[in-house]
Amino acid sequence: MWTQRIKTGLVLTTTAASTALLLAGCGPSPSPSGTTSASPTQSQSPSTTSASPTVSPSPSATGSATSAAPAGPALCKAASLTASTDSTGGGAAGSIYEKLILTNSGTAPCVLEGFAGVSLTADANGEPIGEPATRETTTPVTRIELAPGKAAWAELKYTQAGNYGDCTRVPAAGFRIYPPEDTASLFVAEPHDACSNPGIKLLTITAFQAV
């Protein structure tokens with residue numbers, strides 16, 4: 001009798017254990033220990049941890065300063081020039097051709113370039129009479145550097161006032177000369193008849209040339 005009870009108890013125990021294992025295998029699997037999945041909304045923005053790029057200094061700030069190019073000679077002005085004429089060029093058909101000569105009487109080189117302004121005038125301080133000289137553009141404009149004592153010339157043509165029947169003649173004492181790009185003037189004494197009425201052009205001037 002006792003032996004049969006023991007066997008029955010073992011059978012019941014073994015059956016209970018097998019049932020417990022089967023129930024355990026049917027339950028949900030536990031998550032691995034220590035492992036958690038982060039929510040997508042909790043990820044950090046990469047811009048909060050990236051470093052700012054290094055700013056390189058401007059080349060102009062690190063380079064050595066360059067020296068300015070030396071300035072060239074200034075334009076020739078009336079204060080450092082003397083004016084004269086040379087009428088040995090002759091004339092034709094009631095016109096006189098002569099050289100208008102400007103000489104550097106200063107102590108420094110200067111540049112002469114372009115056309116002089118020329119008018120007939122009553123005296124050294126008088127106002128111009130009639131029309132100023134017309135530019136003759138067949139001679140090219142050149143840049144002329146005049147050392148002290150050096151000169152340049154332009155061809156000046158004067159047409160006789162008597163060639164114009166409607167000319168209101170006025171005696172002129174000479175020429176008022178304005179160097180290129182200058183508002184001051186020089187005077188060359190050389191008597192001629194001028195026409196005081198507008199529209200009559202007695203004078204023509206070329207660009208300056210080197211002597």
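Strand S5 (residues 110-113) and strand S9 (residues 143-146) run antiparallel to each other, and 4 bridges link the pair. Keep in mind as you look around that this is a predicted model. Here's a quick tour of how some of its strands line up.

**Around S5**

- Start with the S5 and S9 pairing: if you find cysteine 110, you'll see leucine 146 of S9 standing opposite.
- S5 also pairs with strand S1 (residues 74-75), this time in the parallel sense, over 2 bridges.
- For a landmark in that pairing, look for alanine 74, which stands opposite cysteine 110 in S5.
- So cysteine 110 turns up twice, facing alanine 74 and also facing leucine 146 in S9.

**The sheet they make**

- Put together, the strands form an open sheet of 3 strands in the order S1-S5-S9, and the pairing is mixed.
- S1 and S9 sit at the edges with a single partner strand each, so each has one side with no neighbour in the sheet.

**Around S13**

- Now hop over to strand S13 (residues 203-206), which pairs with strand S8 (residues 134-136) in the parallel sense over 3 bridges.
- To spot this pairing, find threonine 134, which stands opposite threonine 204 in S13.
- S13 is also joined to strand S10 (residues 151-159) by 3 bridges, and these two run antiparallel.
- Here the residues to look for are leucine 156 and its bridge partner in S13, isoleucine 205.

Definitions and conventions:
Residues are numbered from 1 along each chain as its sequence is written. This is a predicted model: local features need pLDDT of at least 70, side-chain atom pairs count only at pLDDT 80 or more; totals for chains, interfaces and linings use all residues. Side-chain values use heavy atoms; hydrogens and water are left out. Two strands pair if DSSP finds at least two bridges between them.
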